[in-house]
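Subject: Structure handover

Hello,

Here is the structure for your files. My notes on what was found in it follow below.

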Amino acid sequence: KETFNTINILLRNAFCYSHEGHKITIQLRQEAQMLYISIIDQGESIPRYVQAKLFDVYQKSQVSQGDTVTSFGLSICKELMLGQNGDIMLINNPEREGNHFLLSIPIADSILNS
């Protein structure tokens, strides 16, 4: 359930900050006993100075055109993933517009063997 809540928050952010017509991609892959979920948008990239404290619940940052971004939703995502022994990170390429969030979640043996 926590994973779906995290994905929901990330997708809401992607739709909110992406311009009409921009693509949002969800990719899943499994390696050994880890599940990796990528959510990639083509919207405006999160500035580097915001990225360092992106998952901090108390952080507020000014971004372009005077918009204010709070990290409250992303801090919830971080806590949900840590509660499952997983993680969330932002992997951005400075040469590409958009944002790439990667969730990593351990998979229980019982799920793998069913």
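A strand here is a DSSP run of E covering at least two residues, and strands are numbered from the N terminus. By that rule N99 falls in strand β6, which spans residues 99-106. Please keep in mind that this is a predicted model.

Overall layout

The protein contains four helices and six strands. Along the sequence they come in the order α-β-β-α-β-β-α-β-β-α. The protein has 114 residues, and 33% of them count as buried. Among contacts with a separation of 6 or more, 52% are between residues 24 or more positions apart. The exposed surface amounts to about 7,400 Å², with 53% of it coming from carbon and sulfur atoms.

The β1-β2 hairpin

Strand β1 (residues 24-31) pairs with strand β2 (residues 34-41) through eight bridges, in the antiparallel sense. The two strands form a hairpin with two residues between them. One residue of the turn, A32, has a positive phi of about 55°. E31 lies opposite M34 of β2.

The core

The largest nonpolar core holds 16 residues, of which I7, L10, I46, L54, I88, F101 and L103 touch the most other members. At least two residues of this core come from each of α1 (2-17), β2, α3 (72-82), β5 (87-90) and β6. In soluble globular proteins, nonpolar side chains tend to be buried together. Beyond its neighbours within four places in sequence, I7 contacts I37, I39 and L103.

N99 and E97

Is N99 buried or exposed? N99 counts as buried because its relative accessibility is 4%, and the cut-off for buried is under 20%. The side chain of N99 makes a polar contact of 2.9 Å with that of N92. Residues up to four places away in sequence aside, N99 touches I39, I40, D41, E44, S45, I46, L90 and N92.

E97 sits in the loop between β5 and β6. E97 is exposed, since its relative accessible area is 51% and exposed means over 50%. Which residues does E97 contact, leaving aside its neighbours within four places in sequence? They are D41, Q42, G43, E44 and S45. For E97 and E44, the C-alpha to C-alpha distance is 6.0 Å, with their positions 53 residues apart in sequence. D41, E44 and S45 are contacted by E97 and also touched by N99.

Regards

Methods. Residues numbered from 1 in each chain as written. Predicted model: local features only at pLDDT ≥ 70, side-chain atom pairs only at ≥ 80, totals over all residues. Heavy atoms only, no water. Pairing = 2+ DSSP bridges. Buried < 20%, exposed > 50% of the residue type's maximum accessible area, 1.4 Å probe, protein only. Contact = heavy atoms within 4.5 Å. Areas by Shrake-Rupley, 256 points an atom, 1.4 Å probe, with all protein chains shown as cover. Polar contact = N/O pair within 3.5 Å; in protein donor to acceptor, adjacent residues only side chain to side chain. Core = buried A, V, L, I, M, F, W, Y, C linked by side-chain atoms within 4.5 Å.
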